[in-house]
Amino acid sequence: MPAETLEAQVPAFVLQPLVENAIRYGIAPVLEPGWIRIAASAHGGTLAIEIADTGPGIAAEAARSQGVGLRNTRARLAQLYGASAGLRLEHGAAGGTIATLWLPFRAGSTRATPTNREPIHAHS
C-alpha cells in the first residue's frame, strides 16, 4: 500500500464481503494455487481499493450481480457517501475478477484511543 493511503478512513468491514467473494468464487473453485491481491491508491481526493483474484473471472451478467454481499456493500457506500462512492466488478485482463471500491479520501486514525473508545465494564 502506498504510504499516503495507510491513514485513510475506511468503513469497518466494507472489504470483508469482497474478500469473501474472491475466496469463494475466485480461489476455491480451482484446483491450482491462486492469490488475492488488495491494493489501494489515492488520487484527487478519492481513495480506490482494488481486490483482485486469479480465479476463473466473471461474465458480464455476473458483473451486474446483486448478491447480498455486493448489494449491501453498494447500499452502505451510497448511504455513507452518496454518489461519491461506488463498487465496480470486472474481468481482469489476465483472468480473474477485480472488485474496485472508491470513496472520498479522509485521513485520520481509527485506532482505539482514550478519547474514541467505549469504556470497558467488568461484570462479576
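**Exercise 1. Count the salt bridges and place each one.**

The count comes to two salt bridges, a salt bridge being a side-chain nitrogen of Lys or Arg within 4 Å of a carboxyl oxygen of Asp or Glu. The model is predicted: local features need pLDDT of at least 70, side-chain atom pairs count only at pLDDT 80 or more, and totals for chains, interfaces and linings use all residues. Residues are numbered from 1 along each chain as its sequence is written, and side-chain values use heavy atoms, with hydrogens and water left out.

Step 1. Take the pair of glutamate 50 and arginine 37. Their side chains meet at 2.7 Å, N to O. Glutamate 50 lies in strand β2 and arginine 37 in strand β1, so the bridge ties together parts 13 residues apart in sequence. Strands (E, at least two residues) and helices (H or I, at least four) are DSSP runs, numbered from the N terminus.

Step 2. Check the exposure of both partners. The classes are buried (under 20% relative accessible area), exposed (over 50%) and partly exposed (in between), with a 1.4 Å probe and protein chains only. Glutamate 50 is partly exposed at 24% relative accessibility. Arginine 37 is partly exposed at 35%.

Step 3. Turn to arginine 88 and glutamate 90. Their closest N and O atoms are 3.7 Å apart. Arginine 88 has 39% relative accessibility and counts as partly exposed. Glutamate 90 is partly exposed too, at 32%.

**Exercise 2. Which side chain of opposite charge is nearest to aspartate 53, and what does aspartate 53 contact?**

Step 1. Locate the residue. Aspartate 53 is in strand β2, which covers residues 46–53.

Step 2. Look for a charge partner. Side chains of opposite charge can pair when their charged atoms come close. Aspartate 53 is buried and has no salt bridge; the nearest side chain of opposite charge is arginine 37, 10 Å away. For this search, Lys and Arg count as positive and Asp and Glu as negative, while His and the chain ends are not counted.

Step 3. Look for a backbone partner. The side chain of aspartate 53 reaches the backbone nitrogen of glycine 55 at 2.8 Å.

Step 4. List the contacts, meaning heavy atoms within 4.5 Å. Leaving out residues up to four places away in sequence, aspartate 53 touches Ala22, Gly26, Ile27, Trp35, Ile36, Gly95, Gly96 and Thr97.

**Exercise 3. Describe the surroundings of glycine 57 and threonine 100.**

Step 1. Glycine 57 sits in the loop between β2 and α2 (60–63). With a relative accessible area of 23%, glycine 57 is partly exposed.

Step 2. Glycine 57 touches His91, Gly96 and Thr97, not counting residues up to four places away in sequence. Gly96 and Thr97 also appear among the contacts of aspartate 53.

Step 3. Compare sequence and space. Glycine 57 and alanine 22 are 35 residues apart in sequence; their C-alpha atoms are 9.7 Å apart.

Step 4. Threonine 100 belongs to strand β4 (residues 97–104). Threonine 100 is buried, at 7% relative accessible area.

Step 5. Neighbours within four places in sequence aside, threonine 100 contacts Ile49, Glu50, Gly86, Leu87, Arg88 and Glu90. Glu50 is a partner in one salt bridge. Arg88 and Glu90 form the other pair.

**Exercise 4. Examine the segment before α1 and the nonpolar patch.**

Step 1. Valine 10 is in the segment before α1. Valine 10 is partly exposed, with 32% relative accessible area. Beyond four places in sequence, valine 10 touches Leu47 and Ile49.

Step 2. Valine 10 and glycine 108 are 98 residues apart along the chain, with 9.9 Å between their C-alpha atoms.

Step 3. Phenylalanine 13 also lies before α1 (16–27). Phenylalanine 13 is not a glycine, yet has a positive phi of about 65°. Phenylalanine 13 is exposed, at 65% relative accessibility.

Step 4. Met1, Leu6 and Ile38 form a nonpolar surface patch with about 310 Å² of accessible area together. Isoleucine 38 is in strand β1 (residues 36–43) and is partly exposed at 38%.

**Exercise 5. Summarise the whole chain.**

Step 1. The chain has three helices and four strands. Their order along the sequence is α-β-β-α-α-β-β.

Step 2. Of its 124 residues, 27% count as buried.

Step 3. Among contacts between residues at least 6 apart in sequence, 61% join residues at least 24 apart.

Definitions and conventions:
A polar contact is a pair of N or O atoms within 3.5 Å; within protein, one must be able to donate a hydrogen and the other to accept it, and residues adjacent in sequence count only if both atoms are side-chain atoms. Patches are made of residues with over 30% relative accessible area and no salt bridge: like charges are joined within 9 Å, nonpolar side chains (Val, Leu, Ile, Met, Phe, Trp, Tyr) within 5 Å. Accessible areas come from the Shrake-Rupley method with a 1.4 Å probe; for residues, only the protein chains shown count as cover.
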